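Trainee: Could you take me through one part of this model in close detail? I would like to see how its strands are put together, and then how that part sits beside the rest of the chain.

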Amino acid sequence: MVTNFTATEIGDYLYARLQEPYTDIIRITNWSILAGINSPNTIGTLTVSNGNQVMVGVNTNINMANGDKFIVGSKEFTVDSVTGQNITVQEVPDFDAIDANFYLSPTANNYFSYSFRWSQEDISSDGGQMSELRPLNTSLASRDILGLVLDPTKPLWIDVKADVMALSSLYSISLLSVTFELETQTGTIQSCPQICNDCTDPYLIGCTNIVVDCVDPIYDPYNLSKPTAIYRQLSELSTNMWGHEVKYFKVEPDNRSRDVVLMEYSLYNVAAQGQLKIMVPDNEMPTQDFQFDIFGMGWEDFEVHITKGQMEAAFGIGKPPRARDYLYFPLMNRMYEVASVAFADEFNMEMSYWRVMLRKYEERTSTIVDDSAIQNEMDNLTQGIEEVFGEELKEEYDKTTKPEQYQTVFSPVGDGIRERIHNSLTIEDTELRNKWTVISKNNYDLSSIQDQGLEALVYKESSELSTSNSLAITAWFQPNFTDNIEQTIIDGRTINKGLKITVNQTSIKVYLNGDIQTYNFDVNPQNGHWYGLVFNLNNKFKSIEAYVYKLNSASNRHPNMPITESIKQVLYKNTDLASPEGWVAGKQWSLMPANMKMTNIRLFKKTIGQDQHRNILQQYIVRDNHLAKIIDNAIPSIQLRRYNQSR
């Protein structure tokens, strides 16, 4: 399970993403990542004194030996000796810290494995379509992070993925910071965490904005910095002593669910969870009486106070409460939803806590517009809806109506996807399921055709691709191999132009223009089992990837089976291209006779990220149909034009 920046199980993973891209960057010259381990031996805190090699523990359970490493703030220290709750380190600390949390350094038994992806999309795209994930290393090869040649006129987006490769029982691992050394057109800069001048963690080392003023000690009756600081500390102290502990859930809107027609987000995600303490004014709890109205049963609203320190300790710097967050109050055994948030009117306008109005929690299926959507509406006053949202509206209508997938019912001639089909091709009405989710209801039995040189099915879409575009192909196939002869999955190639993908008992072959790539299976396919293919041709990053997944039929008998076991990867291979590949094959995409069955053939205009493979393979109705050129569920249609074999 992943909470914020902390993972607790092997197989967990998390992404570190840039909120704002880097600009004016020529290349990346170096990188470093700081990760820390929490264990039963990292409870309590440490007090660190500048220049003193002895760190004093408070309520600790230290079990470290000479030579062990641990982290305080942003620095790693080496243990020289341990005496009771005191640790003597080999390095000399250059900062002071009181009640500082500490982490163990990663070891061979507890560590992350890192990979990265990047793009230079427009600044408004949040990164847009990014490259395939690659290992994060210090190699200078053209596809590695230190070998990338960047365009300084475009923004640079970088995502770092951290996978938990090893983790001991009762341990957790946290991603603390990611630092890139960047070369610009004017020199080299060092990127590191920024700390504001109000930061409550002075031991945290980074690129701070702290300003030190040297002024004369004259009488200044309007200087209230010390009283406000004391007030802020008293607020935190009183909350820690008398506050009520609650379980708080931080809710953020899902940007992928933005609905430009209704001008709102349709989905909110629980982004984080944490424990914090809240204060109830005058400790006056709401009554336990239930209220009944036409909307059902509820209870009265009431106000609580949440300090800035409690929110930042639980969720990080700059994370305030917001409407639609919700919390569980153990004292009353009730779940509440945040109805509104207001700043407290307090001493010297010092912002130390929020006034939060709570109401009965409701499970919602839709959401209202938040502040960012209101800002979009204000921008629309100077531009028309069609100018701003024309393309998105068209995509939204296409997503909803899905004409390519529903056209078979209404089309008087053909179905919009398939142009012709062999009259001997058998279409079976057999459902394919994963954990009782319908993947397909029909399939093509390509072995039913005896004319081995003639297409089994021809699509309307022509086989062509420009060097500036990419594509992805997915399909399900069930082999029935009797020998090692290649069987064609999809054909869009003539002589040395185009793309064709084949399969045999041991490998997948990719015929790309004049080149042939052979990818051997990790586990050879078995007759009678269903396999899902995902193929990416990424011209932007000059690479091709082939993935094959095996469907476990036992998943329908064991619905609690994890998705990684019900659809299991049996092949992953990739190849770097010397240059982008494009073609005009002069023919249409087609299926050929073969000793296998096929269904759910899709051709996409964009590549598919690895984290979305299983979702795409399980879709019977394709959600992002506006990105697809071919969507074929092998549905029978009496409208299809058929032709006989040549005589």
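Mentor: Happily! Let's start where strand β19 (residues 244-253) meets strand β26 (residues 326-329): the two run antiparallel and are joined by 3 bridges. One residue to find here is Lys247, whose bridge partner in β26 is Tyr328. Do keep in mind that we are looking at a predicted model.

Now widen the view to the sheet around this pair. It is an open sheet of 6 strands, ordered β22-β19-β26-β27-β28-β25, with antiparallel pairing. At its edges are β22 (268-278) and β25 (302-307), each of which pairs on one side only. From one strand to the next, the twist averages 35°. As a reminder, strands of a sheet pair through backbone hydrogen bonds, either parallel or antiparallel.

Next, look at what covers these strands. Helix α2 (residues 308-315) lies across β19, β22, β25 and β28 (353-360), and runs at about 130° to β22. Another helix worth your time is α1, which spans residues 225-242 and includes Met241. Together with Leu234, Leu237 and Trp242, Met241 forms a nonpolar patch on the surface, with about 470 Å² of accessible area for the group.

For the wider setting, the protein chain has 7 helices and 46 strands. Of its 647 residues, 44% count as buried. Among contacts between residues at least 6 apart in sequence, 70% join residues at least 24 apart.

Salt bridges give some specific examples of such links; the count comes to 19. One of them pairs Arg143 with Asp576, with the closest N and O atoms 3.8 Å apart. Arg143 sits in the loop between β13 (134-135) and β14 (157-166), while Asp576 belongs to strand β42 (residues 567-576), 433 residues apart. Arg143 is buried at a relative accessible area of 16%, whereas Asp576, at 41%, is partly exposed.

Another salt bridge is that of Asp632 with Arg418, at 3.9 Å between the closest N and O atoms. Asp632 is in strand β45 (residues 628-632) and Arg418 in strand β29 (residues 418-422), so this pair ties together parts 214 residues apart in sequence. Asp632 counts as buried because its relative accessibility is 3%, and Arg418 counts as buried because its relative accessibility is 2%.

Finally, Asp491 and Lys587 form a salt bridge with closest N and O atoms 3.3 Å apart. Here strand β36 (residues 487-494) holds Asp491 and strand β43 (residues 583-591) holds Lys587, so the pair ties together parts 96 residues apart in sequence. Both Asp491 and Lys587 are buried.

Technical notes. Residues numbered from 1 in each chain as written. Predicted model: local features only at pLDDT ≥ 70, side-chain atom pairs only at ≥ 80, totals over all residues. Heavy atoms only, no water. Patch = residues over 30% accessible without salt bridge, like charges linked within 9 Å, V, L, I, M, F, W, Y side chains within 5 Å. Areas by Shrake-Rupley, 256 points an atom, 1.4 Å probe, with all protein chains shown as cover. Salt bridge = Lys/Arg side-chain N within 4 Å of Asp/Glu carboxyl O. Helix = DSSP H or I, 4+ residues; strand = E, 2+ residues; numbered from the N terminus. Buried < 20%, exposed > 50% of the residue type's maximum accessible area, 1.4 Å probe, protein only. Contact = heavy atoms within 4.5 Å. Pairing = 2+ DSSP bridges. Axes fitted to C-alpha atoms, helices over the stretch in contact; angles between N-to-C directions.
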